[in-house]
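Please have the sequence and the coordinates open side by side while reading. The text moves from the overall fold to single residues.

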Amino acid sequence: MPIKLIELKDAKALEVIASGKLTDEDYQQHFIPELERLTKQYGKFRILFEMTEFHGWEPKAAWDDFKLNLKHRHDIERVAMVGEKKWQHWMTEFAKPFTGAKVKYFDQAEASQARAWVGENIVSG
């Protein structure tokens, strides 16, 4: 499975570890249900998206991602994108206008800073 999801309860966040190429099945069976659950549980939450040997999205999965970003535009507070390729940094910048979240790119060597940034200033409740 090219996607692994881990809830980071202290940060009210979802850690997404993506490798290979994401598919529609990854979204329909894993990512979408988890985002819906976190929205119900927290209202607003954060995402730590780690890309290791990540090759992007199949076309249907890219469409799923776009629709999901629009639907949860105001539910996601922050997205830390951790990558290893120049195109991943570019993709992070490209995605910013399509979300209400604060979005920031970190290189793999900065993964601990990304994790800290995602968990920063969490309000209990």
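What follows describes the overall fold, then the aromatic side chains, then four individual residues.

The structure is a predicted model. Its mean pLDDT is 90, and 97% of the residues score at least 70. Confidence varies between the elements: helix 4 has the highest mean pLDDT, 95, and helix 3 the lowest, 86.

The protein contains 4 helices and 5 strands. Following the chain from its start, the order of these elements is β-β-α-β-α-β-α-β-α. With a radius of gyration of 13 Å, against the 14 Å that the globule rule gives for 125 residues, the protein is as compact as a globular protein of that length. Along the principal axes, its C-alpha atoms fill a box of roughly 35 × 30 × 25 Å.

Of the 125 residues, 42% are buried. The surface that the protein exposes comes to about 7,000 Å², of which carbon and sulfur atoms supply 55%. Contacts can also be sorted by the separation of the partners in sequence. Among those with a separation of 6 or more, 75% are between residues 24 or more positions apart.

The aromatic side chains come next. A pair of aromatic rings is described by the distance of the centres and the angle of the planes. The model has 9 aromatic pairs. One of them joins F54 and W87, whose ring centres are 6.0 Å apart and whose planes are at 25°. This pair counts as stacked because the angle is under 30 degrees. It connects distant parts of the chain, as F54 belongs to strand 3 (residues 45-57) and W87 to helix 3 (residues 86-95), 33 residues apart. The partners differ in burial class: F54 has a relative accessible area of 1% and is buried, while W87, at 35%, counts as partly exposed.

F106 and W117 form another pair, with 6.0 Å between the ring centres and 50° between the planes. That angle is neither under 30 degrees nor over 60, so the pair is classed as tilted. Here too the pair links distant parts of the chain: F106 is in strand 5 (residues 102-107) and W117 in helix 4 (residues 111-119), 11 residues apart. F106 and W117 are both buried. W117 also has a charged side chain at its ring, since R78 lies over the face of W117 at 4.8 Å from the ring centre. Elsewhere, W63, F66, W90, F94 and F98 are linked into a cluster by ring pairs.

W117 leads on to V103, a residue of strand 5. Beyond its neighbours within four places in sequence, V103 is in contact with V79, M81, T92, K96 and W117. V103 has a relative accessibility of 13% and therefore counts as buried, the limit being 20%. Not every residue far along the chain is brought into such contact with V103. L70, 33 residues apart from V103 in sequence, is 15 Å apart from V103 in space, C-alpha to C-alpha.

I3, in strand 1, can be read in the same manner. I3 is buried, with a relative accessible area of 1%. Leaving out neighbours within four places in sequence, its contacts are V16, I17, L22, D26 and F31. G20 is 17 residues apart from I3 in sequence, and their C-alpha atoms are 8.5 Å apart.

Two residues remain, chosen for their backbone. Most residues other than glycine have a negative phi, and most peptide bonds are trans. K12 is not a glycine, yet has a positive phi of about 50°. K12 is located in the loop between strand 1 (3-8) and strand 2 (13-22). E53 likewise has a positive phi of about 50° without being a glycine. E53, however, is in strand 3.

Which of the two classes, buried or exposed, applies to K12? K12 has a relative accessible area of 14%, which places it under the 20% limit, so K12 is buried. E53 has a relative accessible area of 57%, and because this is over 50%, E53 is exposed.

Technical notes
Residues are numbered from 1 along each chain as its sequence is written. This is a predicted model: local features need pLDDT of at least 70, side-chain atom pairs count only at pLDDT 80 or more; totals for chains, interfaces and linings use all residues. Side-chain values use heavy atoms; hydrogens and water are left out. Rings of Phe, Tyr and Trp (its six-membered ring) pair if their centres lie within 6.5 Å; planes under 30 degrees apart count as stacked, over 60 as edge-to-face and the rest as tilted. Helices (H or I, at least four residues) and strands (E, at least two) are DSSP runs, numbered from the N terminus. Buried means under 20% relative accessible area, exposed over 50%, partly exposed in between (1.4 Å probe, protein chains only). A charge sits over a ring if NZ of Lys or CZ of Arg is within 6 Å of the ring centre and within 35 degrees of the ring normal. The radius of gyration is taken over C-alpha atoms; the globule rule is 2.2 Å times the number of residues to the power 0.38. Contact means heavy atoms within 4.5 Å. Accessible areas come from the Shrake-Rupley method with a 1.4 Å probe; for residues, only the protein chains shown count as cover. pLDDT is the predictor's confidence in each residue, from 0 to 100.
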